[in-house]
Amino acid sequence: MPINYLRGFTQPMRTDAANRRLGNSLAFVAGAANAGGFLAVGQYTSHMSGIVAALSDNLALGQLVLVLAGFSALLAFLLGAATSAVLIHWGRRHHTHSEYAAPLMLEALLLLTFGVMGANLEAHRVLFVPATIGLLCYVMGLQNAIITKISRAEIRTTHVTGLVTDIGIELGKMGYWNRPGVAGDLPRVAGDRQKLRLLCTLLGMFFLGGLTGALGFKSLGFAATIPLAVVLITLAIVPLLDDIARHPH
């Protein structure tokens, strides 16, 4: 791929096309990591709605160990998002090329470490399961905050509930019958076809990533996360190299 094309994924100067490309790539990675994580530890880690709901259920049932596990997962997601915000704002204050690439590279290194060490740690299930859930929740929070900051909250890659809701809204607007003379001065109701295409593509990429992640984990085990890490490294590496070239010492 041309260097400038790769640079466009995470460089500070953003375009709608670059945001769409990055959003679709990260939706694929999120779906794959989510599905692979479920096969590894039996829990999805991308949606906090289910985790918070399980927290309340387990608290009502007196399952304090499960409450602690759920709270840890929620905290890990929050810390991931907070880490992403810190790295992005630090990069922005220091005028780096890699303000968005740095948290993406951190995500890649975490997935790479998990892929390399996962099989060796699996024997220690007591520690492995909560550590894996915490790691993947942290990664999901890290990634979701990156694309949220880049797109100014227009694109999400792990929040499928929001994607489906927005798709339904646009379909409803497209199907609305604007009867002549009824609305008075109100603007005509019309769906945003470009937005609808983006939402459907993000949903499709998350699904495709989930299918790929499940099949990959079934075939390769924990090593299936290594190709995901390579994808993220590819997306992030050029702006980081630009910073290294600018400050060689």
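**Exercise 1.** In this predicted model, describe how helix H2 (residues 16-41) and helix H9 (residues 225-246) pack, giving the angle and the distance between their axes, and decide whether they are roughly parallel or antiparallel to each other.

*Solution.* Begin with the geometry: H2 and H9 pack at an angle of about 160°, and their axes are 10 Å apart. Next, apply the cut-off, by which angles over 145 degrees count as roughly antiparallel; the two helices are therefore roughly antiparallel to each other. The crossing of H2 and H9 is left-handed. Finally, turn to the residues: on the H2 side Leu-22, Ser-25, Leu-26, Phe-28, Val-29, Ala-32 and Ala-33 take part, and they meet Leu-228, Val-231, Leu-232 and Leu-235 of H9. Sorted by class, this contact has 10 nonpolar residues, one polar residue and no charged residues.

**Exercise 2.** Describe the packing of H7 and H8 by angle and axis distance, and state how the residues of their contact divide by class.

*Solution.* The angle between H7 and H8 is about 145°, with the axes 9 Å apart, and their crossing is left-handed. Among the contact residues are Asp-166 and Glu-170 of H7, together with Arg-193 and Lys-195 of H8. By class, the contact divides into 12 nonpolar, no polar and four charged residues.

**Exercise 3.** Locate Asn-178, and determine whether Asn-178 is buried or exposed.

*Solution.* Asn-178 sits in the loop between helix H7 (160-174) and helix H8 (193-220). Its relative accessible area is 19%, and since buried means under 20%, Asn-178 is buried. Leaving aside residues up to four places away in sequence, Asn-178 touches Arg-188 and Val-189. A polar atom of the Asn-178 side chain lies 2.8 Å from the backbone oxygen of Val-189.

Conventions
Residues are numbered from 1 along each chain as its sequence is written. This is a predicted model: local features need pLDDT of at least 70, side-chain atom pairs count only at pLDDT 80 or more; totals for chains, interfaces and linings use all residues. Side-chain values use heavy atoms; hydrogens and water are left out. Axes are lines fitted to C-alpha atoms, for helices over the stretch in contact, and angles run from 0 to 180 degrees between N-to-C directions. Helices (H or I, at least four residues) and strands (E, at least two) are DSSP runs, numbered from the N terminus. Angles under 35 degrees count as roughly parallel, over 145 as roughly antiparallel, 65 to 115 as roughly perpendicular and the rest as oblique. A crossing is left-handed if the near helix is turned anticlockwise from the far one by less than a right angle, and right-handed if clockwise. Contact means heavy atoms within 4.5 Å. Ala, Val, Leu, Ile, Met, Phe, Trp, Tyr, Cys and Pro count as nonpolar, Asp, Glu, Lys and Arg as charged, and the others, Gly among them, as polar. Buried means under 20% relative accessible area, exposed over 50%, partly exposed in between (1.4 Å probe, protein chains only). A polar contact is a pair of N or O atoms within 3.5 Å; within protein, one must be able to donate a hydrogen and the other to accept it, and residues adjacent in sequence count only if both atoms are side-chain atoms.
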